[in-house]
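Let's take a walk through this protein, starting with a pair of helices and working outwards to the sheet. Keep the picture open while you read.

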Amino acid sequence: MLKRRTLLASTLASTAVSLLPRAAFGAEPALKLFDTHAHFYTNEPAKYPFNASGSRYGAERMIAKATANPMTPAVVFAFWDKVGVEMGTGVQYNSTYATDNSYLLDVSLQHPDRILPVVILAPTDAATPATLQKMAKDSRLTAVRFSGSPNDKGEVPFLSAAADDTWAAANELGIGMVLMVLGNNAPLALPKVGEYADRYPNVKVIMDHIAFPRPELLPETFGLTPQHVSMRDHKNIYQKFTSFLLSEMEVGAKAANKPMVEDKPLLHHMIETF
């Protein structure tokens, strides 16, 4: 079993292998460490203006954080080199730039051997399909990311008819679609994720943070509901394991007023399930 401290050192470079181009592996048999969820931002607002209006942490706080501690390639690569990460996805950071992907695309083009871009666009915007086509051609686009909180019927814009053209474009391009399904109603949207995955089989559907399981509610399954588990029946749905899940397990343990088990095999459970 992997102990928690081992997981904390390794899960930043976890299992988004489905996104890697074949050339990323080289000839060596050992699997390289790959960071599934790195954010890049800089403190050059004259060139890359901040737009933190959608930040969950508050715009002023987010801009202050980005100004004081920019996550430039130099900063991120220093960490990667220290822990043995060869490359990773650069995930557009909504909290600093919203849907302006300029900085991410610039640094991805400057460092094609280390960064694969995952952009954020508006899923129902009529311009998004053409934008995906252009980004795929010009910017080595790996995936597009959508997020939202379903209503009590499990409805969310990126799983609606208004987003079908965007899904069709991603299907034609064969790129990934990273879905961050938020909130207490997240499980209600997961059957619809399965429907879209079947309808667009050439899209790699990546569930951010394994669709936010709630370990404090279902400790015996680490928070996985039947809707979570049903996603394993779709061959083009992938689960993104991140260190965020370890933090949530700690929160769940505190909520249940139970000690967290240090060697609890969270990662093993997810691998066995999916």
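## How two helices cross

In this predicted model, helix α6 passes helix α7 in a right-handed crossing. Two packed helices are described by the angle between their axes and the distance between the axes. Here α6 covers residues 128–138 and α7 covers residues 164–173; they pack at an angle of about 20 degrees, and their axes are 8 Å apart. Angles under 35 degrees count as roughly parallel, and α6 and α7 are therefore roughly parallel to each other.

Who actually meets whom? On the α6 side you'll find Thr 128, Pro 129, Leu 132, Gln 133 and Ala 136. Facing them from α7 are Asp 165, Thr 166, Ala 169, Ala 170, Glu 172 and Leu 173. Sort the residues of this contact by type and you get six nonpolar, three polar and two charged.

## A closer look at α7

Which residues of α7 are buried? They are Asp 164, Thr 166, Trp 167, Ala 169 and Ala 170. Notice that Thr 166, Ala 169 and Ala 170 also turn up in the contact with α6. The buried residues of α7 have other company too: besides α6, they pack against β4 (143–148), β5 (176–181), α8 (186–199) and β6 (204–207).

Asp 164 deserves a stop of its own. This residue lies in α7 and is buried. Leaving out residues up to four places away in sequence, Asp 164 touches Tyr 196, Arg 199 and Tyr 200. Its C-alpha atom is 8.7 Å from that of Pro 123, a residue 41 places away along the chain. At the other end of the story, just after α7, Gly 174 takes a positive phi of about 70 degrees.

## The seven-strand sheet

Now for the strands. Strands of a sheet pair through backbone hydrogen bonds, either parallel or antiparallel. In this protein, seven strands form an open sheet with parallel pairing, in the order β1-β2-β3-β4-β5-β6-β7. Why do β1 (33–38) and β7 (237–239) each have a side without a neighbour in the sheet? Both stand at the edges with a single partner strand, so one side of each is left free of a neighbour there. On average, neighbouring strands of the sheet are turned by 25 degrees against each other, direction ignored.

You can follow the pairing strand by strand. Four bridges join β1 to β2, with Ala 38 partnered by Gly 90 in β2. Another four bridges join β2 to β3, where Gly 88 has Ile 115 of β3 as its bridge partner. Further along, β4 and β5 run parallel and are joined by six bridges; Val 144 stands opposite Met 177 in β5.

## What surrounds β2

How many of the residues of β2 are buried? Six of the seven are, so β2 is largely enclosed by the rest of the structure. One element to look for here is helix α3 (residues 73–83), which lies across β1, β2 (85–91) and β3 (115–120). The helix runs at about 140 degrees to β2.

## The whole protein

Time to zoom out. The protein has eleven helices and seven strands. Of its 274 residues, 49% are buried. Finally, take the contacts with a separation of 6 or more: residues 24 or more positions apart account for 76% of them.

Methods: Residues are numbered from 1 along each chain as its sequence is written. This is a predicted model: local features need pLDDT of at least 70, side-chain atom pairs count only at pLDDT 80 or more; totals for chains, interfaces and linings use all residues. Side-chain values use heavy atoms; hydrogens and water are left out. Axes are lines fitted to C-alpha atoms, for helices over the stretch in contact, and angles run from 0 to 180 degrees between N-to-C directions. Angles under 35 degrees count as roughly parallel, over 145 as roughly antiparallel, 65 to 115 as roughly perpendicular and the rest as oblique. A crossing is left-handed if the near helix is turned anticlockwise from the far one by less than a right angle, and right-handed if clockwise. Contact means heavy atoms within 4.5 Å. Ala, Val, Leu, Ile, Met, Phe, Trp, Tyr, Cys and Pro count as nonpolar, Asp, Glu, Lys and Arg as charged, and the others, Gly among them, as polar. Buried means under 20% relative accessible area, exposed over 50%, partly exposed in between (1.4 Å probe, protein chains only). Two strands pair if DSSP finds at least two bridges between them.
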